[in-house]
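Morning, everyone. I have one structure to go through today, and I will keep it short.

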Amino acid sequence: MADHGLPTPAVLAKRRETLLRIAIPLLVVASLVILWQILVSASGVPQYILPGPGAVAKALVSDWGTLAPALWVTTKITMSALALALIGGAGMAIFLVQSRWIETAFYPIAVILQVTPIVAIAPLILIYAPSTQVALLICAFLVAFFPILSNMVQGLKSVDHNLLNLFDLYGASRLQTLIYLKLPASLPYFMTGLKIGGGLSLIAAVVAEFAAGSAGAGSGLAFRLLEAQYRLNIPRLFAALILLSVLGVVIFAITSFLSWLSLHRWHESSLRREN
């Protein structure tokens with residue numbers, strides 16, 4: 001702060017930059033919505049083909065009692081799958097890097113699970129899972145699991161060899177080397193996997209529900225999308241799509257914030273340049 005209690009030019013510039021980072025995306029979105037309304041009004045397209053933003057907003061409010069429980073179901077499946085993928089991916093990565101032979105034996109299985117389309121595995125999972133919700137959770141977990149595993153393995157193997165030699169020189173145990181060197185060094189890679197896995201878990205939850213064809217009161221937003229399509233209720237379809245997009249943005253914001261929170265004090269990728 002300046003001598004008279006006024007913000008310094010550097011503080012003002014930082015505030016201006018923060019304000020622009022928030023305002024510019026909002027202005028772009030608002031402009032696109034206005035353009036959408038103008039195009040719909042000018043072309044005279046019927047609402048059952050392309051509704052305007054006003055009709056979509058009205059559907060969002062009037063159908064909230066139907067869409068909100070579906071949003072909650074999709075959110076629960078997505079966040080549960082992401083949490084399981086975090087635990088499973090990080091744990092499996094630590095297990096794989098313990099030995100080159102362990103990695104050689106088990107890593108191909110993870111690759112096979114990743115490259116096989118989830119829509120092809122979903123029927124089998126639906127047969128063996130005790131319920132549809134569990135099947136959806138397994139499908140979402142399988143998709144979110146591999147990016148976290150792959151990034152975590154890469155991070156654990158990217159530790160500076162000089163630091164590894166230093167830990168060996170001082171007689172550190174394998175557990176101490178893991179806790180005090182490898183895990184902190186792999187944190188940026190883990191956070192990258194977290195951000196990728198967050199988006200993929202939502203996509204997988206929706207795709208799995210499409211594949212499962214689940215219906216009823218306990219269904220997620222994917223079923224509401226299909227239901228709106230079959231009934232030609234296009235405003236509700238757009239409203240469900242908007243809710244899915246908002247959920248994806250919220251997940252990305254949370255994972256990005258966690259990444260910033262863990263890295264902004266020490267890692268080059270999050271530090272602000274001084275020149």
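I will take the cavity, then the nonpolar core, then a few side-chain contacts and one proline.

Please keep in mind that this is a predicted model.

Let me begin with empty space. How many cavities of 30 Å³ or more does a search of the whole structure find? The search turns up one. The space in the largest cavity comes to about 40 Å³. Its lining is made up of Thr74, Ile77, Ala205, Val206, Glu209, Leu221, Ala222 and Leu244. Three elements give two or more residues to that lining: helix H3, residues 64-96, helix H8, residues 174-212, and helix H9, residues 221-230. H8 gives the most, with three residues. Sorted by class, the lining has six nonpolar residues, one polar and one charged.

Next, the core. The largest nonpolar core has 20 residues. Which of them touch the most other members? Those are Ala93, Leu149, Val153, Leu156 and Phe190. The elements that give two or more residues to this core are H3, H6 and H8. With eight residues, H6 gives the most. So H3 and H8 appear here, and both were also on the list for the cavity lining.

On to the aromatic residues. There are five aromatic pairs in the structure. One of them I want to show in detail, Tyr107 with Phe146. Their ring centres are 6.1 Å apart and the planes make an angle of 45 degrees, so this pair counts as tilted. Tyr107 belongs to helix H4, residues 100-115, and Phe146 to helix H6, residues 132-157, so the pair ties together parts that are 39 residues apart in sequence. Is Phe146 buried or exposed? Its relative accessibility is 15%, and the cut-off for buried is under 20%, so Phe146 counts as buried.

There is also a charge over a ring. Arg100 lies over the face of Trp101, 4.7 Å from the ring centre.

Last, the proline. Where is Pro51 found? Pro51 is in the loop between helix H1, residues 9-43, and helix H2, residues 53-62. Pro51 has a relative accessible area of 1%, which means that this loop residue is buried. As for its distance to Arg224, the two are 173 residues apart in sequence, and their C-alpha atoms are 17 Å apart in space.

That is what I have; I am happy to go back to any of these views.

Key. Residues are numbered from 1 along each chain as its sequence is written. This is a predicted model: local features need pLDDT of at least 70, side-chain atom pairs count only at pLDDT 80 or more; totals for chains, interfaces and linings use all residues. Side-chain values use heavy atoms; hydrogens and water are left out. On a 1 Å grid over the protein atoms alone, a cavity is a set of points where a 1.4 Å probe fits but cannot get out, and a pocket is an open set with protein on both sides within 12 Å along at least five of seven lines; lining residues have an atom within 4 Å of a point. Grid points are joined across faces, edges and corners, and a volume is the space filled by probe spheres set on the points. Helices (H or I, at least four residues) and strands (E, at least two) are DSSP runs, numbered from the N terminus. Ala, Val, Leu, Ile, Met, Phe, Trp, Tyr, Cys and Pro count as nonpolar, Asp, Glu, Lys and Arg as charged, and the others, Gly among them, as polar. Rings of Phe, Tyr and Trp (its six-membered ring) pair if their centres lie within 6.5 Å; planes under 30 degrees apart count as stacked, over 60 as edge-to-face and the rest as tilted. Buried means under 20% relative accessible area, exposed over 50%, partly exposed in between (1.4 Å probe, protein chains only). A charge sits over a ring if NZ of Lys or CZ of Arg is within 6 Å of the ring centre and within 35 degrees of the ring normal. A nonpolar core is a set of buried Ala, Val, Leu, Ile, Met, Phe, Trp, Tyr and Cys residues joined through side-chain atoms within 4.5 Å.
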